[in-house]
There are 2 protein chains.
Amino acid sequence: MITETKINLSEQTRERLLAAARLVFSENGFQNATVREICRHAEVNIAAVNYHFSSKEALFAATLNFEPLLALCNKINQDSICAQVRLLNFIHDFLIQLLDKKECSVQCQFMARELAEPTPVLGKIVQEAIAPIHQFVANLVREIVGNKISEAELRRCVFSIFGQCVYYRHGQPVIQRLHPNLNYDHQEIKAIAKHIGEFSLAGLKQIAQNKCP
Amino acid sequence: MITETKINLSEQTRERLLAAARLVFSENGFQNATVREICRHAEVNIAAVNYHFSSKEALFAATLNFEPLLALCNKINQDSICAQVRLLNFIHDFLIQLLDKKECSVQCQFMARELAEPTPVLGKIVQEAIAPIHQFVANLVREIVGNKISEAELRRCVFSIFGQCVYYRHGQPVIQRLHPNLNYDHQEIKAIAKHIGEFSLAGLKQIAQNKCP
DNA sequence: AAACGTTTGATACACTTGTTTAATTCCCTC
DNA sequence: GAGGGAATTAAACAAGTGTATCAAACGTTT
């Protein structure tokens, strides 16, 4: 028990570092985030990063945890409702993870950021998070449009859905300047999800009809 | 004439710097691009950047030229065909500027990159390029969907269209890992444009119908 | 051909980055 | 309470950044 206390003290700064790292990384990306700012946020010494983890990159890798993201897919997969509604639910939950600051799952934001700014751990992120989630949506889309469309067209459909969602996160600096009084509260996110859902279902239907005239 | 020769010599390194800057900036972004690499590419001395331009930031600003992008809008605006086809044409031309390496208009790529990684000149880019082009698409969409839908919904439609297009550029590092043998030749760009066009027109139609049952 | 202003060049500066060092402090064990 | 290993600290390191300096080279003008 005494040992536990000791470990807990060390663990405490470790956890503070992880929490601060998640915050700073998600706000500034891997490159622009500095070890000093992370440590300032965590209120620990600069050397703590290289003591507890071995490098900035390893710290970044340690902050990655895509379980909530994959859990989202599994949860939806278990629903026995039709594929259309499952897609709508996914878009909503995905946007929540992507835009809502209240949600502690910064992982989704890492994924989005990684799209534009590749880091040394991009491979891991693609393999563990992006590829599965793309495959998940691809399966949903395939259920909706049937077997008539090609793999290339299926891929483009998936890209269309993700592109719409991710734009709200990527484009935030620009969107904020274009529409200064727009912020992503729960109501707005719901409206965005509803829009992307309707828009995409109609798009998918059109693509499917093209192949089955 | 003698004076011209002199100016041309100076102008020559200036132009070489601009060309190299366009290349390096578009490949690495503003932050990750280094003055040294630009100068190495241009085969000029490091001091040339601060001599001919006054800073790295000013050099970046000097590389910006959104005329081809805005010319695209003007060209399409002059067509007397229906709004739907004009939108399809815009999506195609926009994607060309966004994805085709042959096209020398790196400006569009700057715009896309700026979405994710804001630089000190973001304000200028938003004002001179992004805002006008968003407004242009907004006008097209308004023509297509009519006056029934709200400004917020109109905005989301515009975001849906841009989001789909920009994803192919933003997500390139990831897309390349997901589908290694996919590259953006003219044929592929045409296919992407066709997909996004059909997908979006169907989406717009759906959004418009929602409001006019 | 000489003098001038302009352009180039190598170098150094000031600063920030991630990382390392060595001394100190802390806390548990004996 | 003393000893000892683990954790924290301040300071420094090496590498990289954008920028500034100042002398050399260049081409044009007189």
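Phe94(A) first. In this predicted model, its contacts, leaving out residues up to four places away in sequence, are Leu69(A), Leu72(A), Cys108(A), Met111(A), Ile133(A), Phe162(A) and Cys165(A). Phe94(A) also belongs to the largest nonpolar core, which has 154 residues. Within that core, the residues with the most contacts are Phe90, Phe94 and Leu95 of chain A, together with Phe90, Phe94 and Leu95 of chain B.

Now the DNA. How many residues surround DNA strand C? There are 20, and the closest are Arg36(A), Lys56(A), Thr13(B), Tyr51(B) and His52(B). Of the atoms of strand C that come within 4 Å of the protein, 61% belong to sugar and phosphate.

Three of the side chains, one by one. Arg36(A) has a side-chain N or O atom 2.8 Å from a base nitrogen of DNA strand C. Tyr51(B) places a polar side-chain atom 2.6 Å from a phosphate oxygen of that strand. For His52(B), a polar side-chain atom is 2.5 Å from a phosphate oxygen of strand C.

Next, which elements give two or more residues to the surface near DNA strand C? In chain A they are α1 (2-32), α2 (35-42) and α3 (47-52). In chain B they are α1 (2-32) and α3 (47-52). The largest share is that of α1(A), with four residues.

Last, the make-up of that surface near strand C. Nine of its residues are polar, seven are nonpolar and four are charged.

To go back over the contacts: Arg36(A) is paired with a base nitrogen, while Tyr51(B) is paired with a phosphate oxygen, and so is His52(B). That is the end of my part.

Definitions and conventions
Residues numbered from 1 in each chain as written. Chains lettered and ligands numbered in written order. Predicted model: local features only at pLDDT ≥ 70, side-chain atom pairs only at ≥ 80, totals over all residues. Heavy atoms only, no water. Core = buried A, V, L, I, M, F, W, Y, C linked by side-chain atoms within 4.5 Å. Buried < 20%, exposed > 50% of the residue type's maximum accessible area, 1.4 Å probe, protein only. Contact = heavy atoms within 4.5 Å. Near = heavy atom within 4 Å. Polar contact = N/O pair within 3.5 Å; in protein donor to acceptor, adjacent residues only side chain to side chain. Nonpolar A, V, L, I, M, F, W, Y, C, P; charged D, E, K, R; others polar.
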